[in-house]
Amino acid sequence: MEEEYEGAFVQRFELKPPTSPADPPLLPLQGLTFAVKDIFDVSGHVTGFGNPDWARTHEPAKSTAPAVAALLEAGATCLGKTVMDELAYSINGENFHYGTPPNPVAPGRVPGGSSSGSAVAVAAGLVDFSLGTDTGGSVRVPAAYCGIFGIRPSHGAVSSSGVIPMAESFDTVGWFARDPSTLALVARVLLPSPIEAMQQPTHVIIPEDCFQLLVSPSDQLSQILISSLENMYGCDRIKRQNLGNYVYNEVPSSRTIISKLSESQASTIPALGAVSYAMRSIQRFEFKENHGEWINTTKPKFGPGISERIAEAVNATDENIECYRTLKSELQVALTALLENYGVLAIPTLPGPPPKVNTEAVTLENFRAKAFCLLSIAGMSGFCQVTVPPVLHDIIIFHYFTGYDSTWYA
């Protein structure tokens, strides 16, 4: 069984916790194993960034990323580095050079990316937890597709030092686990402030328009969620909301961007389409700033889909970039007002189940557009987001996110 999923790893090794006194205190992660996405520096190992040309043109890391070091010091053992999408520029989880890690819960379908191997290693039971990164959805998507827990903390909450940048306005260190208790144990190590006692949410917002993006019967799914939440918290805390209308009214820059989008770029939820467009535009610009020179000099080989996306980024300009950054700031203010201190927004992670492996990019365009309308909400606000495994008949995953790392619900 385990051998079937060894493709999750690009490099196997064992890093044990630092040596301790003869009778050490019990460490919070003692006895647990983990894997790290091949975007984190580990001393003595080349950080491959999902591409053999990148690995060939870079030296072994001279130090270990603080996030990885913190886990080792907390008693966990690292069992290696995992496969990722090339240069972290995909949410599919397919890698032309190293192969596609098989999805343990949906055979023949993609595992989600770009933290594909990290999610598969956890879902297949190869490790207890794993590290990934999330820029546009690279923890949330594979967690959803592989049926495990995943967290994208608030942007900047966990050190990204020793992590190759993709687009630093969004890059976030996150992690995966099969159960909420392990997810919380890792949080106590990596998050900068103590985890507070579980707080009851003051209100739970159900954005009904977001559920209309689902390929499955959205009314049935949202009603199951609402009934469950009402049983837990009472009817008075559940609020229905049209999130697209709220963003349109409270984020002025969204209206400016909507007016500039072509018909082919328009979304069924225009304001969220504008948020998604702005996020991907900033992402392209920052990716070019970080890696454009290396790409133009090295001329690396990229796989299908990735090659076209990277070419688009390398040719991107900074036109309207300040407008997109203004939208980002406005959205954070608007969602802070909507959620307040302990509000929760419950939304579908993705519009449908994972696509089949090797599905052509053109076939996925509509799916990706809907997906990024959902994924860009946390990405552009910078808020924390937790992906919760499926409890419904479909593989649609619900997650909650709040602006406060110390208050999340699983």
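## Starting at alanine 76

Is alanine 76 buried or exposed? Alanine 76 counts as buried, because its relative accessibility is 0%. Keep in mind that this is a predicted model. The residue sits in the loop that runs from H2 to S3. Setting aside neighbours within four places in sequence, its contacts are Leu15, Pro17, Leu29, Leu32, Phe34, Leu71 and Phe129.

For a sense of scale, take lysine 288, which is 212 residues away from alanine 76 along the chain. The C-alpha atoms of these two residues are 36 Å apart.

## Helix H2 and what it packs on

One of the contacts of alanine 76 is Leu71, and Leu71 is also among the buried residues of helix H2 (residues 66-73). The others on that list are Ala67, Val68, Ala69 and Leu72.

What do the buried residues of H2 pack against? There are strands on the list, namely S1 (9-15), S2 (33-37), S3 (77-82), S4 and S6 (172-177), and there is also helix H5 (180-190). Just after H2 comes glycine 75, with a positive phi of about 105 degrees.

## Backbone oddities

Most residues other than glycine have a negative phi, and most peptide bonds are trans. With that in mind, a few spots deserve a look.

Phenylalanine 49 is not a glycine, yet it has a positive phi of about 60 degrees. You'll find phenylalanine 49 in the loop between S2 and helix H1 (52-56). At 0% relative accessibility, phenylalanine 49 counts as buried. Leucine 87 also has a positive phi, near 50 degrees. It belongs to the loop between S3 and H3, and leucine 87 is buried, with a relative accessible area of 0%.

Then there is a cis peptide bond, which joins glycine 113 and serine 114 with omega at about 10 degrees. Serine 114 is in the loop between S3 and helix H3 (116-123).

## Salt bridges

Side chains of opposite charge can pair when their charged atoms come close. How many salt bridges does the count come to? The answer is 11, and a few of them are worth walking through.

Start with arginine 152 and aspartate 134, whose side chains meet in a salt bridge at 2.8 Å, N to O. The pair links distant parts of the chain, 18 residues apart: arginine 152 is in strand S5 (residues 149-152) and aspartate 134 in strand S4 (residues 129-134). Both arginine 152 and aspartate 134 are buried. They also belong to a salt-bridge network that links Asp134, Arg140 and Arg152.

Next up are arginine 240 and glutamate 208, with a salt bridge of 2.7 Å, N to O. Here strand S8 (residues 238-241) supplies arginine 240 and helix H6 (residues 208-211) supplies glutamate 208, a link between parts of the chain 32 residues apart. Arginine 240 is partly exposed, with a relative accessible area of 48%, and glutamate 208 is partly exposed at 34%.

A third pair is arginine 284 and glutamate 312, where the closest N and O atoms are 3.9 Å apart. This one joins helix H10 (residues 270-298), home of arginine 284, to helix H11 (residues 306-314), home of glutamate 312, across 28 residues. Arginine 284 counts as buried because its relative accessible area is 15%, under the 20% cut-off. Its partner glutamate 312 is partly exposed, with a relative accessible area of 46%.

## A negative patch

Which residues gather in a patch of negative charge on the surface? They are Glu168, Glu289, Asp318 and Glu319. Glutamate 319 is in the loop between H11 and helix H12 (321-339). Its relative accessible area is 58%, so glutamate 319 counts as exposed.

## Alanine 167

Alanine 167 is found in the loop between S5 and S6. With a relative accessible area of 0%, alanine 167 is buried. What is alanine 167 in contact with, leaving aside its neighbours within four places in sequence? Its contacts are Thr135, Gln283, Glu286 and Asn290.

Compare that with isoleucine 347, which is 180 residues from alanine 167 in sequence. In space, the C-alpha atoms of alanine 167 and isoleucine 347 are 25 Å apart.

Conventions. Residues are numbered from 1 along each chain as its sequence is written. This is a predicted model: local features need pLDDT of at least 70, side-chain atom pairs count only at pLDDT 80 or more; totals for chains, interfaces and linings use all residues. Side-chain values use heavy atoms; hydrogens and water are left out. A salt bridge is a side-chain nitrogen of Lys or Arg within 4 Å of a carboxyl oxygen of Asp or Glu. Helices (H or I, at least four residues) and strands (E, at least two) are DSSP runs, numbered from the N terminus. Buried means under 20% relative accessible area, exposed over 50%, partly exposed in between (1.4 Å probe, protein chains only). Patches are made of residues with over 30% relative accessible area and no salt bridge: like charges are joined within 9 Å, nonpolar side chains (Val, Leu, Ile, Met, Phe, Trp, Tyr) within 5 Å. Accessible areas come from the Shrake-Rupley method with a 1.4 Å probe; for residues, only the protein chains shown count as cover. Lys and Arg count as positive and Asp and Glu as negative; His and the chain ends are not counted. The place of a charge is taken as NZ of Lys, CZ of Arg, CG of Asp or CD of Glu. Contact means heavy atoms within 4.5 Å.
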